[in-house]
Amino acid sequence: MGQSSCLQQAHVGSLWPSDPAAKGGTVKPASGFSATEDAQTLRKAMKGLGTDEDAIIGVLAHRSTAQRQEIRTAYKSTIGRDLMDDLKSELSGNLERVIVGMMTPTVLYDVQELRRAMKGAGTDEGCLIEILASRTPEELRRINQTYQLQYGRSLEDDIRSDTSFMFQRVLVSLSAGGRDEGHFLDDALMRQDAQDLYEAGEKKWGTDEVKFLTVLCSRNRNHLLHVFDEYKRISQKDIEQSIKSETSGSFEDALLAIVKCMRNKSAYFAERLYKSMKGLGTDDDTLIRVMVSRAEIDMMDIRENFRRLYGKSLYSFIKGDTSGDYRKVLLILCGGDD
């Protein structure tokens, strides 16, 4: 290892376990929590004519995912009805999608989103890339198990039948969850990887895409951050620039997502949110998924990066792009203005 040991901690990125600078989520477990009381409040909000959306949001948006599961159990045992079924029949549209998403256990939520991205005609490539490039190997292993249990077939088989060529290969590779999780930096391998990427892309006519796939999908984060620095040193270009000029389509999007998640995961999600709202129309699928899935993990960090990258607060963007109870619940998940 030699000279490289001093480089070990040179890169502090956002939101990998053990990042001291991470601010964390906006949704925290409620104190003085009573699942039974919450269950009663929710039943009252849905019983009879009309629905008290404010009361539903008031309870569920201020509870952690684990607490919401306890409420669901309490609802069933004290009222004899299924909370999820009641919420689905009382709510509709985007508000329903947010509330049901919040009520779904974390891994299952990812699994359902992956399935939705592949089901029926057309594929939501952005969703597949976002989940598979940003989740940890441990999360991916759980996603694979749950997917199999839920749908009776493997995530990999569905990816294969729904995608093709290099895009298929990079998704299959990511979905395996086989990335090295250590921090070890082998200096010689790091230089070799950077050289291989340079030779696979910039240096020759045509691109050896498999080389990009191998390095970007299997190496640990610390190693990759040093590969990116070395790559820039030898090619005078950021790896992102090379990926953009050497690859295209969904394969390009996937490789860029991997690099962005390695550099700064919260900034990657900030960009996903920005793109879901900028311009005409809103990509509600992405907006809902990122807000629901990151609220307890790194929403504070996402907000900070959003402000840094786009000069405006995430809060103001959501406020301007959504309305009604849908807006209300998203703003609570956002947690405040910056």
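**Close-up views of a predicted model**

**Figure 1. Surroundings of Met-102 in helix 5.** Beyond the neighbours within four places in sequence, Met-102 is in contact with Leu-60, Ala-61, Arg-68, Val-292, Val-329 and Leu-333. The model shown here and in the following views is predicted. Met-102 belongs to helix 5, which spans residues 93-103. Because its relative accessibility is 2%, under the 20% limit, Met-102 counts as buried. Thr-65 stands 37 residues away from Met-102 in sequence, yet their C-alpha atoms are 6.8 Å apart in space.

**Figure 2. The four assigned domains and the contact between domain 2 and domain 3.** The domain assignment divides the protein into domain 1 (35-91), domain 2 (106-176), domain 3 (187-263) and domain 4 (265-334). The centres of domain 2 and domain 3, taken over C-alpha atoms, are separated by 23 Å. Across this boundary, 10 residues of domain 2 are in contact with 12 residues of domain 3. About 970 Å² is buried between domain 2 and domain 3, and carbon and sulfur atoms give 84% of that area. Of the area that domain 2 buries against domain 3, 48% is supplied by Ile-129, Met-166 and Val-170, more than by any other three residues.

**Figure 3. The side of domain 2 that touches domain 3.** Between domain 2 and domain 3 there are 0 salt bridges, and the count of residue pairs in polar contact, both at pLDDT 80 or more, is likewise 0. Helix 7 (125-134) and helix 10 (165-175) each supply at least two residues to the side of domain 2 that touches domain 3. Helix 10 gives the most to this side, with 6 residues. By character, the residues on this side of domain 2 comprise 6 nonpolar, 2 polar and 2 charged.

**Figure 4. Helix 7 and its covering.** In helix 7, 8 of the 10 residues are buried, and the helix is thus described as mostly covered. The buried residues are Cys-127, Leu-128, Ile-129, Glu-130, Ile-131, Leu-132, Ala-133 and Ser-134. Among the elements that cover them are helix 6 (106-118), helix 8 (137-151), helix 9 (155-162), helix 10, helix 15 and helix 16 (284-294).

**Figure 5. Asn-264 in helix 15.** Helix 15 runs over residues 249-277 and includes Asn-264. With a relative accessibility of 17%, Asn-264 counts as buried. The side chain of Asn-264 reaches the backbone nitrogen of Ser-266 at 3.2 Å.

**Figure 6. Salt bridges within helix 8 and helix 11.** The side chains of Glu-138 and Arg-142 form a salt bridge with an N to O distance of 3.2 Å. Because Glu-138 and Arg-142 are 4 residues apart in helix 8, about one helical turn separates them. Glu-138 is partly exposed at 33% relative accessibility, and Arg-142 is partly exposed at 39%. In helix 11 (residues 187-200), Asp-187 and Arg-191 are also 4 residues apart, so about one helical turn lies between them. Their side chains meet in a salt bridge at 3.2 Å, N to O. Asp-187 is buried at 9% relative accessibility, whereas Arg-191 is partly exposed at 35%.

**Figure 7. A further salt bridge and a shared network.** Asp-238 and Lys-232 meet through their side chains in a salt bridge of 3.4 Å, N to O. Asp-238 is partly exposed, with a relative accessible area of 27%, and Lys-232 is partly exposed at 41%. Elsewhere, salt bridges with shared partners link Arg-97, Glu-113, Arg-116, Asp-124, Glu-130, Arg-272, Asp-285 and Arg-289 into one network. The count of salt bridges comes to 33.

Definitions and conventions: Residues are numbered from 1 along each chain as its sequence is written. This is a predicted model: local features need pLDDT of at least 70, side-chain atom pairs count only at pLDDT 80 or more; totals for chains, interfaces and linings use all residues. Side-chain values use heavy atoms; hydrogens and water are left out. Domain bounds come from an automatic or database domain assignment. Contact means heavy atoms within 4.5 Å. Buried area is the accessible area (1.4 Å probe) that two parts lose on being put together, summed over both. A salt bridge is a side-chain nitrogen of Lys or Arg within 4 Å of a carboxyl oxygen of Asp or Glu. A polar contact is a pair of N or O atoms within 3.5 Å; within protein, one must be able to donate a hydrogen and the other to accept it, and residues adjacent in sequence count only if both atoms are side-chain atoms. Ala, Val, Leu, Ile, Met, Phe, Trp, Tyr, Cys and Pro count as nonpolar, Asp, Glu, Lys and Arg as charged, and the others, Gly among them, as polar. Buried means under 20% relative accessible area, exposed over 50%, partly exposed in between (1.4 Å probe, protein chains only).
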